[in-house]
Amino acid sequence: FEAAHLLNVHYSGLRLSYLTMCERTVPRLKFLVDFCVGITCFGVCCAYLVVIGDLMPLVAKQIISRSEEHESTTVQHILEARQFWIVIYLLLFIIPCTRLRKMDALRFT
């Protein structure tokens, strides 16, 4: 935090990020900063998918609320499958967000 504060004082109009801090202090390690940020983003994405995969089948089961005497249908099995919800969230939310040209487009999400 101290390095970020010093850079902000010295370059008053500078927008601080990991990349600008690296470019101003150690420009040769720019690839390492990009790699670390990429690994962090991948880990966060995997964590979200694990949570979605754990919770959404339970939500679907509560919404369907089938009785024990009725046989469950194929649609009910699909809606209660963890892989189904992970693929749906990947296709509807995560992949479209990663395909944006500029990060500024995410400011409204």
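## Helix α3 and its surface patch

I39 sits in helix α3. The model is predicted. At 48% relative accessibility, I39 is classed as partly exposed, because exposed requires over 50%. I39 also belongs to a nonpolar surface patch. The other members are V26, L29, F31, L32 and F35. Together these residues make a patch of about 570 Å².

Helix α3 covers residues 30-64. Its 35 residues should span 51 Å at 1.5 Å a residue. The end C-alpha atoms of α3 are 51 Å apart, so the span agrees with expectation. S65 follows the helix. The phi of S65 is positive, near 40°.

## Overall make-up

The protein chain has five helices and zero strands. Read from the N terminus, the order is α-α-α-α-α. The chain holds 109 residues, and 14% of them count as buried.

The protein chain exposes about 9300 Å². Carbon and sulfur atoms supply 66% of that area. Contacts can also be sorted by sequence separation. Among those between residues at least 6 apart, 31% join residues at least 24 apart.

## The buried side of α3

Which residues of α3 are buried? They are L49, I52, G53, M56, P57 and A60. In general, an α-helix has 3.6 residues a turn, so residues three or four places apart point the same way. The buried residues of α3 pack against two other helices, α4 (74-79) and α5.

L49 gives a detailed view of this packing. This residue of α3 has a relative accessible area of 12%. L49 is therefore buried, since the cut-off is under 20%. Beyond its neighbours within four places in sequence, L49 is in contact with I86, L90 and I94. Y89 is 40 residues from L49 along the chain. Even so, the C-alpha atoms of L49 and Y89 are separated by 7.9 Å.

## Helix α5 and its kink

Helix α5 runs over residues 82-98. It has 17 residues. From first C-alpha to last, α5 reaches 22 Å. That is close to the 24 Å expected at 1.5 Å a residue.

Where is α5 kinked? The kink is centred on L90 and is about 45°. L90 is also one of the contacts of L49.

## One salt bridge

How many salt bridges does the structure hold? There is one. D54 pairs with R82, and their closest N and O atoms are 3.4 Å apart. D54 lies in α3 and R82 in α5, so the salt bridge ties together parts that are 28 residues apart in sequence. As a general point, side chains of opposite charge can pair when their charged atoms come close.

Are the two partners buried, or partly exposed? D54 has 41% relative accessibility and counts as partly exposed. R82 has 33% and also counts as partly exposed.

## Links between α3 and α5

Two kinds of link between these helices stand out. One is packing: the buried residues of α3 pack against α5, as well as against α4. The other is the salt bridge between D54 and R82.

Definitions and conventions: Residues are numbered from 1 along each chain as its sequence is written. This is a predicted model: local features need pLDDT of at least 70, side-chain atom pairs count only at pLDDT 80 or more; totals for chains, interfaces and linings use all residues. Side-chain values use heavy atoms; hydrogens and water are left out. A salt bridge is a side-chain nitrogen of Lys or Arg within 4 Å of a carboxyl oxygen of Asp or Glu. Helices (H or I, at least four residues) and strands (E, at least two) are DSSP runs, numbered from the N terminus. Buried means under 20% relative accessible area, exposed over 50%, partly exposed in between (1.4 Å probe, protein chains only). The expected span of a helix is 1.5 Å times one less than its number of residues. The bend at a residue is the angle between axes fitted to the seven residues ending there and the seven starting there. Contact means heavy atoms within 4.5 Å. Patches are made of residues with over 30% relative accessible area and no salt bridge: like charges are joined within 9 Å, nonpolar side chains (Val, Leu, Ile, Met, Phe, Trp, Tyr) within 5 Å. Accessible areas come from the Shrake-Rupley method with a 1.4 Å probe; for residues, only the protein chains shown count as cover.
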